[in-house]
There are 2 protein chains.
Amino acid sequence: MNETSGIAAAQPTERIPAAERREQILAAASVVFGERGYSGATTDQVARAAGISQPYVVRMFGTKENLFLEVVARALERLVAGFRQVLAEPREHGDDERELLIARLGAAYVDLIEDRGILLSLMQAFLSGHNPVVGAKARAGFLEIYRMLRDEAGFPPDTIRGFLADGMLFNTLLAIRLPDIFDEDPDAEELMRCTFRGKLDLVLGATAAEAAKHA
Amino acid sequence: MNETSGIAAAQPTERIPAAERREQILAAASVVFGERGYSGATTDQVARAAGISQPYVVRMFGTKENLFLEVVARALERLVAGFRQVLAEPREHGDDERELLIARLGAAYVDLIEDRGILLSLMQAFLSGHNPVVGAKARAGFLEIYRMLRDEAGFPPDTIRGFLADGMLFNTLLAIRLPDIFDEDPDAEELMRCTFRGKLDLVLGATAAEAAKHA
DNA sequence: CTGTTTTGTAATCATTCAATTACAACATTC
DNA sequence: GAATGTTGTAATTGAATGATTACAAAACAG
């Protein structure tokens with residue numbers, strides 16, 4: 001029935017290059033830190049989620065804090081990179097140029113935060129304003145987005161505010177898992193629909209897919 | 001120089017009615033939980049902030065978790081109550097009726113989140129979507145606000161979305177302490193100004209007052 | 001005054017968890 | 001095929017912390 005010993009035989013854990021393991025750990029840590037917060041997450045939870053042992057996680061990143069910092073830095077980098085990519089695309093000039101750009105940037109954002117790890121890691125970063133390192137990263141990241149919208153996208157202040165504000169509302173409604181209670185309270189879906197409008201199907205498709213994956 | 005003993009003399013800690021102590025602890029806990037999160041905060045930190053001993057905090061609320069739940073529930077209640085109060089005020093009918101109501105509700109919200117404990121406790125609640133109890137409270141609270149704006153204020157969907165979105169952006173910019181770097185990066189103030197517009201002085205006055213209080 | 005309730009703390013316990021140590025197995029190089 | 005480096009774990013430890021216990025002193029009731 002099993003090999004060599006009579007014990008559970010905990011599969012001999014495939015050897016994988018450190019660089020690749022690193023990515024696995026970061027992906028797992030993003031989810032775990034996102035859901036439980038820096039203090040609420042344990043290195044053991046991250047290790048299990050990544051399919052390795054706790055000491056390996058610690059050795060790979062030195063400390064739990066370093067791991068968290070890297071998770072946050074990655075999330076912010078991906079956010080900035082996502083916007084930069086959209087802004088680098090060619091755009092035709094016309095009446096609806098701005099509307100189109102907003103739609104593309106919005107889609108890129110929703111695409112990013114469909115990854116619940118990214119979404120929650122970003123929000124954890126926003127809630128770490130008191131932490132010198134994470135707080136500074138969060139402020140710098142937010143200001144970089146602001147400058148991109150102002151200088152590269154050429155948006156006027158009200159457009160910028162509206163765009164950023166919508167994004168923060170997206171964050172919140174997804175973080176509190178509003179879609180979870182669609183069948184208990186129809187207002188939940190109404191609020192989601194009024195918030196995400198056309199993007200709702202995109203969002204719901206992603207959360208449904210994720211739920212199916214876990215089942 | 002000091003009384004009785006040669007030791008620091010830790011003042012005999014005034015006896016205060018339990019009900020009043022309870023409020024002190026909740027106020028302290030709001031700040032501590034807000035800054036450090038549920039897991040990051042210790043009952044000892046709350047106790048020190050409230051000026052009492054750690055066992056007393058635990059005995060008053062049974063468990064750390066109960067204390068956190070009550071802090072979150074209070075924050076959500078104050079939010080709902082604040083809006084309900086504005087909506088109960090008499091309003092004259094006119095072209096700018098809606099604008100005026102938005103302004104009043106917005107002012108009430110900014111007034112509320114000037115209390116950093118409330119602001120951060122609310123955000124912690126939003127980030128606790130995975131926790132059955134806190135998550136349910138957060139969802140219910142958000143939906144109640146939505147219904148108030150839809151049914152009592154009579155706002156159309158886009159107005160509701162805009163209002164809620166602005167609120168979430170307020171939250172974020174205050175949480176990351178953007179005003180802290182006004183003199184390092186002028187864009188920080190620009191972003192705050194474009195977000196809060198008229199309300200900025202209100203916000204800055206409050207944070208400045210709070211900073212002075214701590215100094 | 002005497003007894004009881006309320007308000008509070010000091011000391012301690014049991015658990016959790018990040019970090020360290022020591023070691024093992026595989027891979028690569030020479 | 002030894003020597004070296006890489007990838008991994010089991011076992012342990014030391015510190016932190018929520019909770020409990022035992023006790024003290026103030027307030028109050030009769």
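A polar contact is a pair of N or O atoms within 3.5 Å, and in this predicted model such a contact is found where a backbone N or O atom of Ile16(B) lies 2.9 Å from a phosphate oxygen of DNA strand C. A phosphate oxygen of the strand is also approached by Thr43(A), a polar side-chain atom of which lies 2.7 Å away, whereas Arg59(B) places a polar side-chain atom 2.7 Å from a base nitrogen of DNA strand C. Two or more residues each are given to the surface near the strand by α2 (43–50) and α3 (54–61) of chain A and by α1 (18–40) and α3 (54–61) of chain B, and the largest share, three residues, comes from α3(B).

In total, 21 residues surround DNA strand C, and by class this surface has eight nonpolar, six polar and seven charged residues. Of the strand atoms within 4 Å of the protein, 57% belong to sugar or phosphate, and the rest belong to bases.

Salt bridges number 36 over all chains. In one of them, the side chains of Asp187(B) and Arg147(A) meet at 2.5 Å, N to O, and this pair crosses between chains, from helix α9 of chain B to helix α7 of chain A. Asp187(B) is buried, with a relative accessible area of 10%, while Arg147(A) is partly exposed at 26%. Both residues belong to a network of salt bridges that also links Arg150(A), Asp151(A), Asp185(B) and Glu190(B).

Within chain B, Arg84(B) forms a salt bridge with Glu152(B), their closest N and O atoms being 3.3 Å apart, and the pair links helix α4 to helix α7 across 68 residues.

Terms used
Residues numbered from 1 in each chain as written. Chains lettered and ligands numbered in written order. Predicted model: local features only at pLDDT ≥ 70, side-chain atom pairs only at ≥ 80, totals over all residues. Heavy atoms only, no water. Near = heavy atom within 4 Å. Polar contact = N/O pair within 3.5 Å; in protein donor to acceptor, adjacent residues only side chain to side chain. Helix = DSSP H or I, 4+ residues; strand = E, 2+ residues; numbered from the N terminus. Nonpolar A, V, L, I, M, F, W, Y, C, P; charged D, E, K, R; others polar. Salt bridge = Lys/Arg side-chain N within 4 Å of Asp/Glu carboxyl O. Buried < 20%, exposed > 50% of the residue type's maximum accessible area, 1.4 Å probe, protein only.
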